[in-house]
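Please look through the sequence and the model shown here, and keep both at hand while reading the report that follows.

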Amino acid sequence: MYSDSHIHTRFSGDSEELPENQAEKALMLGLEGICFTDHLDHDVVSDVNFELDVPAYWEYMTALKERYRGRLDIRIGVELGLQTHLTEYFARLLDSYPFDYVIGSVHFVGGLDPYYPEYFRRYGKGAYLTYFEATYDCVSSLDCYDSLGHLDYIARYGGPYGLEYSYEKYADAIDPILRRLIEGGHALECNSGGFSRGMGGPNPVSDVLRRYRELGGELVTIGSDAHRIGDLGARFPECGEILRKAGFDRYVIYRDRKPEYKAL
């Protein structure tokens with residue numbers, strides 16, 4: 001069974017799940033391992049607190065890792081909300097804490113999260129293109145992450161506003177992102193959360209995963225984005241099949257910020 005490299009707990013502002021519950025569910029599912037990646041979106045204005053109490057998080061997860069040693073491979077990561085002005089902040093953080101794995105995700109554009117209607121009211125028909133352009137700016141100027149999380153995150157929320165999404169429609173904006181990931185040695189995440197958020201498949205969609213492989217991308221991670229135990233490891237067999245059809249025969253997990261290959 002796969003390892004799940006994208007998991008949230010009560011340390012994330014949008015989750016109430018206990019880390020122990022995620023670990024026990026992973027054992028029940030027979031997962032090879034898990035990596036906790038709680039949210040850290042610094043310097044944002046939101047009705048959810050996406051700052052992370054890193055010292056408390058690190059202490060708790062380190063102790064939990066020891067409790068499960070020999071039973072479950074637990075790794076400690078973080079999901080950073082990428083913003084181009086935070087280069088020095090990220091550098092200080094990652095110098096202070098030896099995370100196994102860092103997801104870089106774009107959650108806020110122009111101070112707005114596409115989860116909320118305000119984003120779409122501001123950007124209208126240009127909402128998707130604006131998001132992809134911001135993502136390109138982040139991956140071009142930041143090198144603090146190992147894998148780009150849910151590249152087309154915005155497509156989870158644009159449907160009610162009449163916005164259509166496909167790789168083909170936004171290829172000119174997405175391809176530069178993929179090329180930059182490859183050039184920088186960064187992975188692309190296959191996020192199974194898209195299945196439960198109206199996408200009918202993972203984020204990014206299968207065409208994007210296939211294009212990444214065509215361009216020479218080899219590093220792909222798999223994560224459920226689980227904020228509760230019911231989503232842990234969800235739809236991983238389908239993700240594996242999608243990745244195989246896209247041309248991959250292995251995925252990666254990270255330890256000490258270094259990729260380890262696993263067969264699909």
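## Strands 5 and 6

Leu-148 stands opposite Leu-188, a residue of strand 6. The two strands concerned, strand 5 (residues 147-148) and strand 6, pair in the parallel sense, and two bridges join them. The model discussed here is a predicted one.

How many of the five residues of strand 6 are buried? Five of the five residues in strand 6 (residues 187-191) are buried, so this strand is largely enclosed by the rest of the structure. The covering reaches both faces of strand 6, since Ala-187, Glu-189 and Asn-191 are buried on one side, while Leu-188 and Cys-190 are buried on the other.

## Helix 3 and its two sides

Helix 3 covers residues 87-96, and within it Tyr-89, Phe-90, Leu-93 and Leu-94 are buried. When the helix is seen down its axis, these buried residues fall within an arc of 120°, so they line one face of helix 3. The face turned away from this buried side carries the exposed residues Glu-88, Asp-95 and Ser-96.

What covers the buried residues of helix 3? The cover includes strand 2 (33-40), helix 2 (54-67), strand 3 (73-81) and strand 4 (101-105). Tyr-89, which has its place in helix 3, can serve as a single example. Tyr-89 has a relative accessibility of 18%, and because the limit for a buried residue is under 20%, Tyr-89 counts as buried. Leaving out residues up to four places away in sequence, Tyr-89 touches Leu-40, His-42 and Glu-51. In the case of His-42, the two residues are 47 residues apart in sequence, whereas their C-alpha atoms are 8.8 Å apart in space.

## The largest cavity

Rolling a probe the size of a water molecule over the atoms shows where empty space is left. In this model the count comes to one cavity of 30 Å³ or more, and about 60 Å³ of space lies in the largest cavity. The residues that line the largest cavity are Ser-3, Asp-4, Ser-5, Gly-33, Ile-34, Cys-35, Asp-73, Arg-75, Tyr-101, Ile-253 and Tyr-254. The elements that give two or more residues to this lining are strand 1 (3-7), strand 2, strand 3 and strand 8 (250-255). Divided by class, the lining of the largest cavity has five nonpolar, three polar and three charged residues.

Arg-75, one of the residues in this lining, lies in strand 3. Is Arg-75 buried or exposed? With a relative accessible area of 5%, Arg-75 is buried. If neighbours within four places in sequence are left aside, Arg-75 is in contact with Ile-34, Cys-35, Phe-36, Asp-100, Ile-253, Tyr-254, Arg-255 and Glu-260.

## The largest pocket

The largest pocket holds about 360 Å³ of space. Its lining is made up of 18 residues, and among these Asp-14, Tyr-115, Tyr-153, Tyr-157 and His-227 lie nearest the centre of the pocket. By class, seven residues of this lining are nonpolar, four are polar and seven are charged.

Where does Tyr-153 lie? Tyr-153 is in the loop between strand 5 and helix 6 (171-184), and at 6% relative accessibility Tyr-153 counts as buried. Not counting residues up to four places away in sequence, Tyr-153 touches Val-106, His-107, Asp-113, Pro-114, Tyr-115, Tyr-131 and Asn-203. Measuring distance from C-alpha to C-alpha, Tyr-153 and Gly-201 are 12 Å apart in space, and they are 48 residues apart in sequence.

## Details of the backbone

Asn-203, one of the residues that Tyr-153 touches, is joined to Pro-204 by a cis peptide bond, for which omega is about -5°. Pro-204 has its place in the loop between helix 7 (193-196) and helix 8 (206-214).

Which loop holds Asp-256? Asp-256 is in the loop between strand 8 and strand 9 (258-263), and Arg-257 is also found in the loop between strand 8 and strand 9. Asp-256 has a phi near 55°, a positive value in a residue other than glycine, and Arg-257 has a phi near 70°, again a positive value in a residue other than glycine. At 48% relative accessibility Asp-256 counts as partly exposed, and Arg-257, at 29% relative accessibility, counts as partly exposed too.

Technical notes:
Residues numbered from 1 in each chain as written. Predicted model: local features only at pLDDT ≥ 70, side-chain atom pairs only at ≥ 80, totals over all residues. Heavy atoms only, no water. 1 Å grid on protein atoms, 1.4 Å probe; cavity = no way out; pocket = protein on both sides within 12 Å on 5 of 7 lines; lining within 4 Å. Points joined across faces, edges and corners; volume = space filled by probe spheres on them. Nonpolar A, V, L, I, M, F, W, Y, C, P; charged D, E, K, R; others polar. Buried < 20%, exposed > 50% of the residue type's maximum accessible area, 1.4 Å probe, protein only. Helix = DSSP H or I, 4+ residues; strand = E, 2+ residues; numbered from the N terminus. Arc of directions from axis to C-beta. Contact = heavy atoms within 4.5 Å. Pairing = 2+ DSSP bridges.
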